[in-house]
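This report describes one protein chain, moving from a single residue to the sheet, the helices and the cores around them.

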Amino acid sequence: MEDGTIVEKIRFPSPHPGVHLYSVTYLAQGLRVKGLLAEPVNGEVYDGFLYLRGGIKNVGKVRPSRITQFASEGFIVFAPFYRGNQGGEGDEDFGGEDRYDAIAGYKLLENHRRVNPKSIHIFGFSRGGIMALWAAIYCPTAASIVTWGGVSDMFLTYVERVDLRRMMKRVIGGTPNKVPDAFVYRTPLFSLDSLDVPVLIIHGERDGNVSIDHAYRLENQLNEKHKQVETWYFPQFTHYFPPAVNRKVVRDLTQWMKTQV
């Protein structure tokens, strides 16, 4: 069976009456990986939305309320948990081989009978930023990509996030000085020549989890390579936006996506 094939799909409690949720097991590099699928209940065909979470393991887990929020804007949404999480096979490795969980998630949406395969969008939050960029590089038919508070440079993450260094050394295999190739492999900034998808960058300028420099570096590289990029920077906000603003930005970014088709 091919990557992206669903091998199990079980109804999951949904916090939104207009959206059905399913716990899904699907294939990525032969591994049985878990994820959450959200489908508006009316049976119509929609754009696809690949939601790529941040964090690692139990930090930054996929939240049903967030997935149904995006689905209610008119999308079939799929959110991989990444390998090794919530009963899935394999080991999450922070933008390494687990990028293929995102790529297989894109294929899952391509094969979904209610998804327009020409209108699949990719969204990444926090660590999901690198996952989204890699998915878009490997999936050139994507309609758009949005990175919100997104990581773009793993070298910069190692410098900035002292609290993550032990985890990064364990998962990646060492420091940037010891294993530079492993950090290059995880940093999509070095591969943007292969990216041909419209990009929207959203970032709070007071973000202490993922600094605004990640956004600036991505924006600058995309502009240098004459790629299509738009930025929404918010001087007053951190990694997390106030609820009312968050809801407005969700509405705005999903409308932006639909104009890219």
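Which residues does L195 touch, not counting residues up to four places away in sequence? In this predicted model, L195 touches L133, A136, I137, L222 and K227 once those sequence neighbours are set aside.

**Cores**

L195 belongs to the largest nonpolar core, which has 54 residues and in which L52, I122 and L195 are the residues with the most contacts inside it. Helix α3, residues 128-138, gives the most to this core, with 8 residues. Apart from the largest core lies another one, of 29 residues, which includes F49, F241, V249 and M257. Helix α3 itself is mostly covered, since 10 of its 11 residues are buried. Among the buried residues of α3 are L133, A136 and I137, and these three names also appear in the list of residues that L195 touches. The buried set further includes G128, G129, I130, M131, A132, W134 and A135.

**The chain as a whole**

The chain holds 8 helices and 9 strands. Its radius of gyration is 17 Å, close to the 18 Å that the globule rule gives for 261 residues, so the chain is as compact as a globular protein of that length. Along the principal axes, the C-alpha trace spans about 50 × 35 × 30 Å, and 56% of the 261 residues count as buried. Among contacts between residues at least 6 apart in sequence, 70% join residues that are at least 24 apart.

**The sheet and the helices across it**

The 9 strands form an open sheet with mixed pairing, in the order β1-β2-β3-β5-β4-β6-β7-β8-β9. Its edge strands are β1 (6-12) and β9 (229-234), each of which pairs on one side only. From one strand to the next, the twist averages 20 degrees. At the β1 edge, a hairpin joins β1 to β2 through 6 residues, and β1 pairs with strand β2, residues 19-28, in the antiparallel sense over 6 bridges. Within this pair of strands, R11 stands opposite Y22 in β2.

Two helices can be described by the strands they lie across. Helix α2, residues 99-111, lies across β1, β2, β3 (31-40), β4 (46-52), β5 (75-80) and β6 (115-125), and runs at about 125 degrees to β2. Helix α8, by contrast, lies across β4, β5, β6, β7 (144-148), β8 (199-204) and β9, and runs at about 160 degrees to β7. The strands β4, β5 and β6 are thus named for both helices.

**Three individual residues**

The table sets out the location and relative accessibility of three residues, each of which is then taken up in turn.

| Residue | Location | Relative accessibility | Class |
|---|---|---|---|
| T254 | helix α8 (residues 243-259) | 0% | buried |
| N116 | strand β6 | 29% | partly exposed |
| G150 | loop between β7 and α4 (154-160) | 6% | buried |

T254, in helix α8, counts as buried because its relative accessibility is 0%, the cut-off for this class being under 20% relative accessible area. The side chain of T254 reaches the backbone oxygen of V250 at 2.9 Å. Residues up to four places away in sequence being left out, T254 touches F49, F70, E73 and F75; of these, F49 is also one of the residues in the core of 29.

N116, placed in strand β6, counts as partly exposed at 29% relative accessibility. Leaving aside its neighbours within four places in sequence, N116 is in contact with V45 and Y46. The C-alpha atoms of N116 and I76 are separated by 9.5 Å, although the two residues lie 40 residues apart along the chain.

G150 lies in the loop between β7 and α4 and is buried, with a relative accessible area of 6%. With residues up to four places away in sequence not counted, G150 touches S126, G129, H203, V210 and H214. One of these, G129, is also among the buried residues of α3. The C-alpha atoms of G150 and N209, which are 59 residues apart along the chain, are separated by 9.6 Å.

How values were computed: Residues numbered from 1 in each chain as written. Predicted model: local features only at pLDDT ≥ 70, side-chain atom pairs only at ≥ 80, totals over all residues. Heavy atoms only, no water. Helix = DSSP H or I, 4+ residues; strand = E, 2+ residues; numbered from the N terminus. Buried < 20%, exposed > 50% of the residue type's maximum accessible area, 1.4 Å probe, protein only. Polar contact = N/O pair within 3.5 Å; in protein donor to acceptor, adjacent residues only side chain to side chain. Contact = heavy atoms within 4.5 Å. Pairing = 2+ DSSP bridges. Axes fitted to C-alpha atoms, helices over the stretch in contact; angles between N-to-C directions. Core = buried A, V, L, I, M, F, W, Y, C linked by side-chain atoms within 4.5 Å. Rg over C-alpha atoms; globule rule 2.2 N^0.38 Å.
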